[in-house]
Amino acid sequence: MKNKITDYILLVFICLGLQACLFQEDDIFEQSSANRASENVAELKELLVNVPNGWKMEYYPGADYSMGGITLLCRFDGSNVTLMSEVGSAKTDPGKERTSLYKITSEESTVLTFDSFNELIHCFSEPVMGMNANLEGDYEFVYMGQEENKVFLQGRRYHNTMVMTPLTQGIGWKEYIGRLNLIEKEAFLNTYSLMIGGQKIGEAVRSSRLFSLAVDGQAESVAPFLYTTEGIRFKDEITVQGKTVRNFLWNKADMSFVCSDEGAGDVALKAVYPQDYTPYDDYLGFYYMFYQEYDGYNEEEDKVDFRPGYTIVELQQKVPGESFVLASSKLEAEAANIVVTYDKPTGRLVIKPQNVTALGYPGALVLGFEQGFLPAHYGLDLGNLASLTGMETGLVGVPEGSGDDLTYSFVEYGDVFRSMVGRAATSLIFTAYANENFSANNYLGLVAWYDSIQLQKY
């Protein structure tokens, strides 16, 4: 009996001790979790609003940073946010402002949401062509904290980290975006030699905002980057033969990015022109244009018939160094205002889908192959985002032969059309519509169809 009483007394003391510990644990937090969450919301809102010239957001679309980074400028007030984008959107050029609503809420964590449509950020999360796919960009961000004048956010769906820093007072937004665009424009080549101390140690290939670095004898590494006002910055540090590199300054005279990090000033990415590069001015002039022309639908064999043909065309200057007008009495009788793009990184001609005037109607130049095509209302229009996403479409002139025998054969540029229909694009087709709002309802039909196009100097 005595032992039982002792056991009970011990049990009572243990319970009292546990209760005391529980009370002590509760006392560690001076405020409730609800109050702490409210304070985090208030803290972030105060941070965002109280920056005179707005914020630079390093925005990374694409799962696992697969598209590289762009700069978004953001100015917050009590309920609105004004954005300006380095790349713009399908309908808005870089350097244009768009204003929408935002909110900061407390859920499982503090979340910043761009909660009304703003095309400069929602263009990365909208469905592409109405399909269940997008460019894997976030518009909801978990607040991860602040440090040394920086705000850290994480995309809620794709989990890429975004860093926001205040834009220096006195710098205009358009001026800042203009500097970024200038670096991109001047550094137009995609192929580079990786140099240390003036010696080539490897190669680098740029694809949109990614650099693939191949050092001799080592595995290739991929470095997402974004443009700065002076050059580029890799998302993370990269080690190249024992040297740590991340920040590079653009040297226009030498066409190179030179590392500015301590101990790595002799590391550079030097631009290299690809083989068979053709300068813009060399394309100006007259050409024979050879093709297979639509000759009707063969019901018996259930296929489209073509007949060979040719005409004489002229590539006239439109925007120096950027584009041409394709002029021809035959083509102009069918569709006017045909633009040929000069692809500066490769030095080649590209004919892209575009608006034209077809037989006096609003029309479109679209892509196809010898037995089918996609009308404009099925087309892919990413506007300014096309090059960023690697989803530009068109036909590119590939040089064959040399001298008087030099011929440009037009094949698919990229693989967007092939991925959609299972066949590479080989045709240009002029189509007409009842009005400029291209849709199945106002589609008037085929105007002209050219396949297997070649240009040969006249």
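**Overall build and a few residues up close**

The protein chain exposes an accessible surface of about 23,700 Å², and carbon and sulfur atoms account for 49% of it. The model is a predicted one, so everything below describes computed geometry. In terms of secondary structure, the protein chain holds seven helices and 30 strands. Its C-alpha trace runs to about 115 × 60 × 50 Å along the principal axes. The radius of gyration comes out at 29 Å, whereas a compact globule of 458 residues would be near 23 Å.

Of the 458 residues in the protein chain, 43% are buried. Sequence-distant pairing is well represented too: take the contacts between residues at least 6 apart in sequence, and 52% of them link residues at least 24 apart. As for charge, there are 62 negative side chains against 35 positive ones, and the centres of these two sets sit 4 Å apart.

Now for some individual residues, starting with M57. This methionine belongs to strand β1, which covers residues 55–59. M57 has a relative accessibility of 0%, so it counts as buried. Setting aside residues up to four places away in sequence, M57 touches I70, T71, L72 and C74, and also F114, F141, L153, M162, V163 and M164. One of these partners, I70, is 13 residues from M57 along the chain, and the two C-alpha atoms are 8.2 Å apart.

T82 is another strand residue, placed in β3 (residues 80–85). Its relative accessibility is 12%, and because the cut-off for buried is under 20%, T82 falls on the buried side. The T82 side chain makes a polar contact of 2.9 Å with the side chain of T99. Beyond its neighbours within four places in sequence, T82 is in contact with L73, C74 and R75, with E97, R98 and T99, and with W173. C74 therefore turns up in the contact lists of both M57 and T82.

Helix α3 (residues 119–122) includes E119. The side chain of E119 has two polar contacts with other side chains: one to S89 at 2.7 Å and one to T92 at 2.5 Å. Residues up to four places away in sequence aside, E119 touches S89, K91, T92 and R98. R98 is also among the contacts of T82.

Backbone geometry brings up two acidic residues in loops. As background, most residues other than glycine have a negative phi. E148 goes the other way, with a positive phi near 50°. E148 lies in the loop that connects β7 (140–147) to β8 (150–155). With a relative accessibility of 71%, E148 counts as exposed.

D276 is the second case: it is not a glycine, yet its phi is positive at about 60°. This aspartate is found in the loop between β17 (267–271) and β18 (285–298). D276 is likewise exposed, because its relative accessibility of 58% is over the 50% cut-off. To recap, E148 and D276 are exposed loop residues with positive phi, whereas M57 and T82 are buried residues in strands.

Terms used: Residues numbered from 1 in each chain as written. Predicted model: local features only at pLDDT ≥ 70, side-chain atom pairs only at ≥ 80, totals over all residues. Heavy atoms only, no water. Helix = DSSP H or I, 4+ residues; strand = E, 2+ residues; numbered from the N terminus. Rg over C-alpha atoms; globule rule 2.2 N^0.38 Å. Buried < 20%, exposed > 50% of the residue type's maximum accessible area, 1.4 Å probe, protein only. Contact = heavy atoms within 4.5 Å. Areas by Shrake-Rupley, 256 points an atom, 1.4 Å probe, with all protein chains shown as cover. Lys, Arg positive; Asp, Glu negative; His and termini not counted. Charge placed at Lys NZ, Arg CZ, Asp CG, Glu CD. Polar contact = N/O pair within 3.5 Å; in protein donor to acceptor, adjacent residues only side chain to side chain.
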